[in-house]
Amino acid sequence: MAKKKILTIPNSILRKVSEPVTKIDTETKKLMDNMLETMYAAPGIGLAAVQIGVLKRVIVIDLSKADEKKDPLFIINPEIINKSNELASYEEGCLSIPNQFAEVKRPISCKISFLDYNGKKKEISANGLLATCIQHEIDHLNGILFIDHLSKLKKDLILKKTNKQKIKIDRVVV
Ligand code: ZN
């Protein structure tokens, strides 16, 4: 396994639509292993392949707590079968938008089909945090970021703050 660099806004790759995986081979498994290591190191609870610059429809998620046994979920080519009408709010953040958080409303539950680490077709019904996390990551596969769900005012504020952070970092580097 190898830890990869996580792309951050305004990197234009984050806005591209990822391609379905056609064959789950050793390369795909290596990608998933690397994504998991990168996510754990960040640390984060979900990561889409596009966030390490690979435009494939692959997601890793692990909602286990620090003192619990790791419980990774590998999701390849996810399809949303249905979403609830009822919404839930979570304060979301994103490894590609460092240090910024905002409340996002999404369906409280969803059902998806996908291929697992070994290419086996599976379905899960997710609620609460898992449902939010899955929807956030599927958005990434379609070039959508959580800030796109906010009002223009809130989105602009976050973009402005991240620009400022970037300027600060660049100054230190120079
Ligand atoms: Zn994200």
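In this predicted model, the side chains of aspartate 148 and arginine 15 come together in a salt bridge, with 2.6 Å from N to O. Aspartate 148 sits in the loop between H2 and helix H3 (152-173), while arginine 15 belongs to the segment before H1, so the contact ties together parts that lie 133 residues apart in sequence. Neither end is hidden away: aspartate 148 is partly exposed at 29% relative accessibility, and arginine 15 is partly exposed too, with a relative accessible area of 38%. Aspartate 148 also has a salt bridge with the side chain of lysine 155, at 3.0 Å from N to O. Lysine 155 has a relative accessible area of 23%, which makes this residue partly exposed. Through shared partners, Arg15, Asp148 and Lys155 end up in one network of salt bridges.

Altogether, the structure holds eight salt bridges. Side chains of opposite charge can pair when their charged atoms come close. Another such pair is glutamate 92 and arginine 106, whose side chains meet at 2.7 Å from N to O. This pair links distant parts of the chain, with glutamate 92 in strand S4 and arginine 106 in strand S5, 14 residues apart. Here the setting is buried: glutamate 92 has just 4% relative accessibility, below the 20% cut-off, and so counts as buried. Arginine 106 is likewise buried, at 4% relative accessibility.

Glutamate 92 turns up again at the largest pocket, which holds about 370 Å³ of space. Of the 21 residues lining this pocket, Ile45, Glu92, Gly93, Cys94 and His136 are the closest to its centre. Strand S4 (87-94), strand S5 (97-107) and helix H2 (128-141) each contribute at least two residues to the lining. H2 gives the largest share, with six residues. Sorted by class, the lining has 10 nonpolar, eight polar and three charged residues.

Ile45 has a part on the surface as well, where Ile45, Leu63 and Leu129 make a nonpolar patch of about 210 Å². Leucine 63 is in the loop between strand S2 (58-61) and strand S3 (73-83). With a relative accessibility of 30%, leucine 63 counts as partly exposed.

The backbone has a few oddities too. Most residues other than glycine have a negative phi, and most peptide bonds are trans. Two peptide bonds leading into prolines are cis: the one from isoleucine 9 to proline 10 has omega near 5°, and the one from alanine 42 to proline 43 has omega near -10°. Proline 10 falls in the segment before helix H1 (26-41), whereas proline 43 is in the loop between H1 and strand S1 (46-48).

Two asparagines, neither of them a glycine of course, take a positive phi: about 50° for asparagine 77 and about 65° for asparagine 99. Both are strand residues, with asparagine 77 in strand S3 and asparagine 99 in strand S5. Their surroundings contrast, though. Asparagine 77 is buried, because its relative accessible area of 16% is under the 20% cut-off. Asparagine 99, at 59% relative accessibility, is over the 50% cut-off and therefore counts as exposed.

Technical notes: Residues are numbered from 1 along each chain as its sequence is written. This is a predicted model: local features need pLDDT of at least 70, side-chain atom pairs count only at pLDDT 80 or more; totals for chains, interfaces and linings use all residues. Side-chain values use heavy atoms; hydrogens and water are left out. Patches are made of residues with over 30% relative accessible area and no salt bridge: like charges are joined within 9 Å, nonpolar side chains (Val, Leu, Ile, Met, Phe, Trp, Tyr) within 5 Å. Accessible areas come from the Shrake-Rupley method with a 1.4 Å probe; for residues, only the protein chains shown count as cover. A salt bridge is a side-chain nitrogen of Lys or Arg within 4 Å of a carboxyl oxygen of Asp or Glu. Helices (H or I, at least four residues) and strands (E, at least two) are DSSP runs, numbered from the N terminus. Buried means under 20% relative accessible area, exposed over 50%, partly exposed in between (1.4 Å probe, protein chains only). On a 1 Å grid over the protein atoms alone, a cavity is a set of points where a 1.4 Å probe fits but cannot get out, and a pocket is an open set with protein on both sides within 12 Å along at least five of seven lines; lining residues have an atom within 4 Å of a point. Grid points are joined across faces, edges and corners, and a volume is the space filled by probe spheres set on the points. Ala, Val, Leu, Ile, Met, Phe, Trp, Tyr, Cys and Pro count as nonpolar, Asp, Glu, Lys and Arg as charged, and the others, Gly among them, as polar.
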